[in-house]
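Please take a moment with the sequence and the model shown below, and then follow the paragraphs that come after them.

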Amino acid sequence: MISEFQELSDKIDQLAEMSLALRRENAQLRQANAALVADNMAVQRRLAEARARVSALLEKIPAIEEAVDAVAPVQEDVQ
């Protein structure tokens, strides 16, 4: 009977240790997740900024083409 209580006590100790280890791991995973969320937000912000810059450049391209087209007839008249 005493050995059964000892086994039960050992199992309870193992369960307590496992529970503590899982709590530590959970805390670490939560910290890692928070860091990844912050990194993801930063990447999304940089991506939005890059999209805005590309969009602004694309808007300038037609203006440049129109300017080249406007200059081309003048150059032909000069030759």
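How many Å² does the chain expose, and what share of it do carbon and sulfur atoms supply? The chain of this predicted model exposes about 7,500 Å², and 60% of that area is supplied by carbon and sulfur atoms. Among the 79 residues of the chain, buried residues account for 0%, where a residue would count as buried at under 20% relative accessible area.

The secondary structure is quickly described, since the chain comes to 1 helix and 0 strands. Helix 1 runs over residues 2–78, and Met1 lies in the segment before it. Met1 has a relative accessibility of 67% and therefore counts as exposed, the cut-off for that word being over 50%.

Two patches on the surface deserve attention, and Met1 leads to one of them. Together with Phe5, Leu8 and Ile12, Met1 makes a nonpolar surface patch of about 470 Å².

The other patch is one of charge: Glu4, Glu7, Asp10, Asp13 and Glu17 gather on the surface in a patch of negative charge. One of these residues, Glu4, is found in helix 1, and Glu4 counts as exposed because its relative accessibility is 53%. Met1, in the nonpolar patch, and Glu4, in the negative one, thus give a reader two places from which to begin looking at the surface.

Key:
Residues are numbered from 1 along each chain as its sequence is written. This is a predicted model: local features need pLDDT of at least 70, side-chain atom pairs count only at pLDDT 80 or more; totals for chains, interfaces and linings use all residues. Side-chain values use heavy atoms; hydrogens and water are left out. Patches are made of residues with over 30% relative accessible area and no salt bridge: like charges are joined within 9 Å, nonpolar side chains (Val, Leu, Ile, Met, Phe, Trp, Tyr) within 5 Å. Accessible areas come from the Shrake-Rupley method with a 1.4 Å probe; for residues, only the protein chains shown count as cover. A salt bridge is a side-chain nitrogen of Lys or Arg within 4 Å of a carboxyl oxygen of Asp or Glu. Helices (H or I, at least four residues) and strands (E, at least two) are DSSP runs, numbered from the N terminus. Buried means under 20% relative accessible area, exposed over 50%, partly exposed in between (1.4 Å probe, protein chains only). Lys and Arg count as positive and Asp and Glu as negative; His and the chain ends are not counted. The place of a charge is taken as NZ of Lys, CZ of Arg, CG of Asp or CD of Glu.
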